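Work through the exercises below with the model open. Try each task before reading its solution.

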Amino acid sequence: AQLLRYSLKVEKEHVTLKDDIQYIKTYLDIQALRYGTRFSYALDIQDSTMDCEIPKLILQPIIENSFEHGDSDEALHIDIQSNQMNDELHIQIQDNGKGIDVTDLDSINQMLASEDNLSDHLGLYNVHRRIQLEYGTQYGLRLTSPLSKGLIVEIVLPYVKRG
């Protein structure tokens, strides 16, 4: 019920990182019940970033991709971190899934750089475009897959504190 109420609150296009993390924790706790010992997560959210304003519901589609595409032989683990770097907010979502080979990663990054999405990566594309349309092309998603093991999606936003 909490997830539905949060997602349906139309009056707010922006929330604090703290609010979105509360939503994500509820979502991840439900997934933990569903997957049991085959899933775990960790949060490392810097206190100084909790009151930062972010577009609502930009974390959930990325985390959902970890469940959809991150299948591997070991239990899925997702790490979510935030920090401030100069005048930017960096939110990093990392999983230990199967990763993406270099060719596919290049293809996804090219898709993110284009204005037309003809791929299956609708969630990533929509989040990236929402960020860039609102804040400019220097912001958005950055994807890496170290040694084709797991995926790191970094969300880069301007560092704007609410209040």
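**Exercise 1. Classify the Phe39–Phe67 ring pair and its surroundings.**

Start with burial. Phe39 is buried, and Phe67 is buried too (under 20% relative accessible area; over 50% is exposed, partly exposed lies in between; 1.4 Å probe, protein chains only). This is a predicted model: local features need pLDDT of at least 70, side-chain atom pairs count only at pLDDT 80 or more, and totals for chains, interfaces and linings use all residues. Residues are numbered from 1 along each chain as its sequence is written, and side-chain values use heavy atoms, with hydrogens and water left out.

Next, the geometry. The centres of Phe39 and Phe67 are 4.9 Å apart, with 55° between the planes, and the pair is tilted. The rule: rings of Phe, Tyr and Trp (its six-membered ring) pair if their centres lie within 6.5 Å; planes under 30 degrees apart are stacked, over 60 edge-to-face, the rest tilted.

Then place the rings. Phe39 sits in strand β2 (residues 39-45) and Phe67 in helix α3, 28 residues apart. Helices (H or I, at least four residues) and strands (E, at least two) are DSSP runs, numbered from the N terminus.

**Exercise 2. Extend the analysis to the other aromatic rings.**

Count the pairs: there are five. Take Tyr27 and Phe67: their ring centres are 6.3 Å apart and their planes stand at 80°, so this pair is edge-to-face. Tyr27 belongs to helix α2 and Phe67 to helix α3 (residues 60-69), so the pair ties together parts 40 residues apart in sequence. Tyr27 is buried, as is Phe67.

Now collect the cluster. Its members are Tyr27, Tyr35, Phe39, Tyr41 and Phe67.

**Exercise 3. Trace the strand pairing from β2 through β4 to β5.**

Begin at β2. Seven bridges pair β2 with strand β4 (residues 76-85) in the parallel sense; two strands pair if DSSP finds at least two bridges between them. One of the bridge partnerships joins Ile45 to Ser82 in β4.

Move on to strand β5 (residues 88-95). β4 and β5 run antiparallel, joined by eight bridges. Gln81 has Gln92 in β5 as its bridge partner.

Finish at the turn. The β4–β5 hairpin has two residues between the strands, and Asn86 takes a positive phi near 55° there.

**Exercise 4. Which residues have the most contacts inside the largest nonpolar core?**

Apply the definition: buried Ala, Val, Leu, Ile, Met, Phe, Trp, Tyr and Cys residues joined through side-chain atoms within 4.5 Å. The largest such core has 40 residues. Leu59, Ile63, Ile80, Ile91, Leu141, Leu143 and Ile155 have the most contacts inside it. Helix α2 (residues 17-35) gives the most to this core: six residues.
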